[in-house]
Amino acid sequence: CIKSLEEMGVDNATRLQEKSIRQGMSGSDVALFAKTGVGKTLAYSVPAVEKLWEKGNLSPGEQPYIPFPASCRPRVLVIAPTNELCDQITDVLKVFSHNMKFRVLCVKRNSRGKCAEKLENGVDIVVSTPGQLDWHFQRGSLFLSKLEMLIIDEADTTIEDFKESDTLLERLLSRRNLKNAKNTSCQLFLASATADKSFSSTIRKRIK
């Protein structure tokens, strides 16, 4: 993880990143409401990739074994409102994936068939807009049973974009429906530059 950050030219964490990474690594849900440019993508990406990398008690110098990803069942899901933002997030995650040997996929409208094939072969992290996520969910090329972390970027806009697939949003936010194989709840990250206190209150009511 540190090697990847060095390749990105990141030497020091911002105050927001320090708090978010610490809380994220502890297993807590995290809400990042801060202006653009303070490093929200890394603030949720580092806990996500570190969780993928963790593997019990290791002796010094021993590398963790990352299990082959389950078919159509990612461990981390990142949802963002636009293809452009999805591409930016994926670019960051791919730097980590190169060094940490996990699989990340950005779901695209113009390559649905190829994306469905990659999902079937197994992907650890999926990055998607609400519309493409709903398409794969309805098609049966994406399931939530292995999900350990749900990240919603530009959360107020992204959740608004779920209007046409509100049932899926409720499923994503429902703790009862997002139990992984160890029967523990999926961890939630919300990130936004524009959300206000009323949004925070609304989202708290929807999370069960």
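Two residues count as in contact here when they have heavy atoms within 4.5 Å of each other. Keep that in mind for Ser28, and bear in mind that this is a predicted model.

**Around Ser28**

Let's start with the loop that joins helix H2 (15–25) to strand E1 (30–33), since that's where Ser28 lies. If you set aside its neighbours within four places in sequence, Ser28 is in contact with Gln23 and Gln187. Is Ser28 buried or exposed? Neither label fits: Ser28 has a relative accessible area of 26%, and buried means under 20% while exposed means over 50%, so Ser28 counts as partly exposed.

Two distances help to place Ser28:

| Pair | What is compared | Distance |
|---|---|---|
| Ser28 and Ser26 | side chain to side chain, polar contact | 3.1 Å |
| Ser28 and Leu188 | C-alpha to C-alpha | 7.9 Å |

The Leu188 pairing spans quite a stretch of chain: Ser28 and Leu188 sit 160 residues apart in sequence.

**The second largest pocket**

Now for the second largest pocket, which holds about 220 Å³ of space. Its lining is made up of 13 residues, and those that lie nearest the centre are Lys40, Thr41, Leu85, Gln88 and Asp153. Which helices each supply at least two residues of that lining? They are H3 (40–53) and H4 (83–100). H4 gives the most, with four residues. As for chemistry, the lining is a mix of five nonpolar, five polar and three charged residues.

Conventions. Residues numbered from 1 in each chain as written. Predicted model: local features only at pLDDT ≥ 70, side-chain atom pairs only at ≥ 80, totals over all residues. Heavy atoms only, no water. 1 Å grid on protein atoms, 1.4 Å probe; cavity = no way out; pocket = protein on both sides within 12 Å on 5 of 7 lines; lining within 4 Å. Points joined across faces, edges and corners; volume = space filled by probe spheres on them. Nonpolar A, V, L, I, M, F, W, Y, C, P; charged D, E, K, R; others polar. Buried < 20%, exposed > 50% of the residue type's maximum accessible area, 1.4 Å probe, protein only. Polar contact = N/O pair within 3.5 Å; in protein donor to acceptor, adjacent residues only side chain to side chain.
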